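Me: Could you take a close look at one strand for me, with its pairing partners, and then walk me through the cavities and a loop residue as well?

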Amino acid sequence: MNNKKAVVVCSAAVFSSVSLLLGGCGKESDNGKIQIEMVQYKPEAVKAFEEMEKRFNESHDDIELKIESPNDAMTVLKTRFIKEDVPDIIGIGGDINYSNFVDSDMLADISDFEGLSTIKQAYLDIDKNLEFVPMEGTYAVPYVANAAGILYNRTMFQENGWEIPTTWDEFIELLETSQASGQLPLYFGFKDTWTCLAPWNAMACDLAPADVCQQVNKGETTFAEEYRELSEKILQLLPYAQADPFAYSYNDACTAFARGESAMYCIGSYAVPQILSVNPDLDIDSFVFPANDNADEQLLNSGIDLQFCVMKDCKNKEAAYEVLNFLLEDESIQIYLDEQNAVPCKDSDFTLPSMLDGMKTYIDEGKMVDYQDHYYPSEMSVDALIQTYLMEGDTDAFLENFDKQWIRYNRDLIRKVQNYEAEHSSDERSER
């Protein structure tokens with residue numbers, strides 16, 4: 001969910017058309033060095049990338065790294081594709097934009113990149129699940145992720161003797177206890193529709209299959225069936241939040257939580273810098289959203305916030321791999337983590353920010369699944385659908401509309417997936 005509003009979601013058709021125009025890359029610079037250019041979509045991380053670029057160039061005599069961090073990277077990339085001016089490496093999120101790139105055959109298969117062996121399997125699996133249809137090979141190096149669940153005021157919890165809930169029933173009991181004490185349990189900023197996805201995604205980890213969108217595309221199930229418990233439970237949160245949460249924005253919610261106006265805030269780790277900008281002394285921790293009643297089956301909501309892909313037409317793949325190796329060094333990753341409060345995708349020993357203390361076990365053990373909205377087409381505006389549902393509360397109508405809108409905005413993809421399934425089922429029968 002982090003920076004969702006800044007990412008321009010492009011259709012597979014657009015990517016397919018521009019992929020035919022790709023030219024060469026990996027130019028030689030004026031000083032005789034191989035120049036590797038990367039365009040990455042996280043402008044808020046520009047200082048971290050400037051530091052890494054500086055360190056790389058100081059330590060390499062034969063390769064010159066140039067990193068661009070434009071404000072609207074996806075639009076910049078599309079424009080450059082049309083002009084046949086393609087970077088060697090792109091840094092993008094693990095969402096439907098990545099799915100479109102893979103589907104359009106624009107990315108290099110980097111299965112031979114040895115650095116992949118250092119990445120946690122959970123994040124490699126998340127990337128594979130983002131493929132519209134199964135593809136041979138690997139097309140991205142997951143770099144950093146974010147985590148979403150419940151942020152809580154650690155001081156308030158300690159003063160009241162509240163325990164961290166590990167089941168849905170315990171969570172509801174905590175909400176009741178907090179409310180009865182005269183303290184507001186939750187704060188929402190549902191005026192900004194995208195924030196409605198925060199509890200939705202976090203709860204879906206425990207209440208819906210991670211691959212539910214793929215199952216629906218195959219015709220194996222419906223959202224009306226798989227999202228019912230999720231839909232019913234998210235409604236139960238509203239009585240424990242401030243009056244009219246739809247009148248308050250994301251900034252309002254961050255400010256209110258920072259000032260101690262609620263004990264908890266259902267949002268991702270990406271909100272912490274905004275919160276601390278209001279109250280730098282606030283002691284924040286987090287816990288995984290306990291949406292079911294089996295603590296052993298609960299999963300962390302964690303998606304790939306940034307990953308690196310080598311473009312298929314890159315002429316200096318070995319040099320690009322050298323850049324990736326440098327970026328995957330523990331020291332480089334720690335630079336990013338320290339600045340952005342992110343979760344490392346690499347399996348190594350890193351210093352994580354204290355607000356992730358309650359999620360560390362899940363991170364270390366790789367007990368995580370992706371955000372559901374990483375599979376939703378932007379045109380469908382699922383955040384607005386959820387906001388309307390939370391206002392009206394008609395579960396049956398919401399689920400019926402969800403299935404209807406999914407077919408409307410994914411018709412071509414559904415056809416492609418079902419054709420793929422039919423072809424491969426036929427191949428399997430012929431082999432037998």
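Reply: Let's start with strand β8, residues 300-310, which is mostly covered: 11 of its 11 residues are buried. Buried here means under 20% relative accessible area, with exposed being over 50% and partly exposed in between, using a 1.4 Å probe and protein chains only. Strands (E, at least two residues) and helices (H or I, at least four) are DSSP runs, numbered from the N terminus. Keep in mind that this is a predicted model, where local features need pLDDT of at least 70 and side-chain atom pairs count only at pLDDT 80 or more, while totals for chains, interfaces and linings use all residues. Residues are numbered from 1 along each chain as its sequence is written, and side-chain values use heavy atoms, leaving out hydrogens and water.

Now the partners of β8; two strands pair if DSSP finds at least two bridges between them. Strand β4 (residues 141-148) runs antiparallel to β8 over 7 bridges, and in that pairing Asn146 stands opposite Gly303. Strand β3 (residues 89-92) is also antiparallel to β8, over 4 bridges, with Ile89 bridged to Val310. Strand β10 (residues 368-369) pairs with β8 in the parallel sense over 2 bridges, and there Leu300 has Met368 as its bridge partner.

On to the cavities. A cavity is a set of points on a 1 Å grid over the protein atoms alone where a 1.4 Å probe fits but cannot get out, and lining residues have an atom within 4 Å of a point. Grid points are joined across faces, edges and corners, and a volume is the space filled by probe spheres set on the points. Searching the whole structure turns up 6 cavities of 30 Å³ or more, and the largest has a volume of about 120 Å³. Its lining has 15 residues, with Phe132, Gln214, Asn217, Tyr375 and Leu413 nearest the centre. The elements giving two or more residues to that lining are α4 (96-103), α9 (212-218) and α18 (395-431), and α18 supplies the largest share, 4 residues.

Last, the loop residue: Leu352 sits between β9 (343-344) and α16 (360-365). Leu352 counts as buried because its relative accessibility is 19%. Beyond its neighbours within four places in sequence, Leu352 is in contact (heavy atoms within 4.5 Å) with Leu337, Ala342, Pro344, Lys360 and Ile363.

Definitions and conventions:
1 Å grid on protein atoms, 1.4 Å probe; cavity = no way out; pocket = protein on both sides within 12 Å on 5 of 7 lines; lining within 4 Å.
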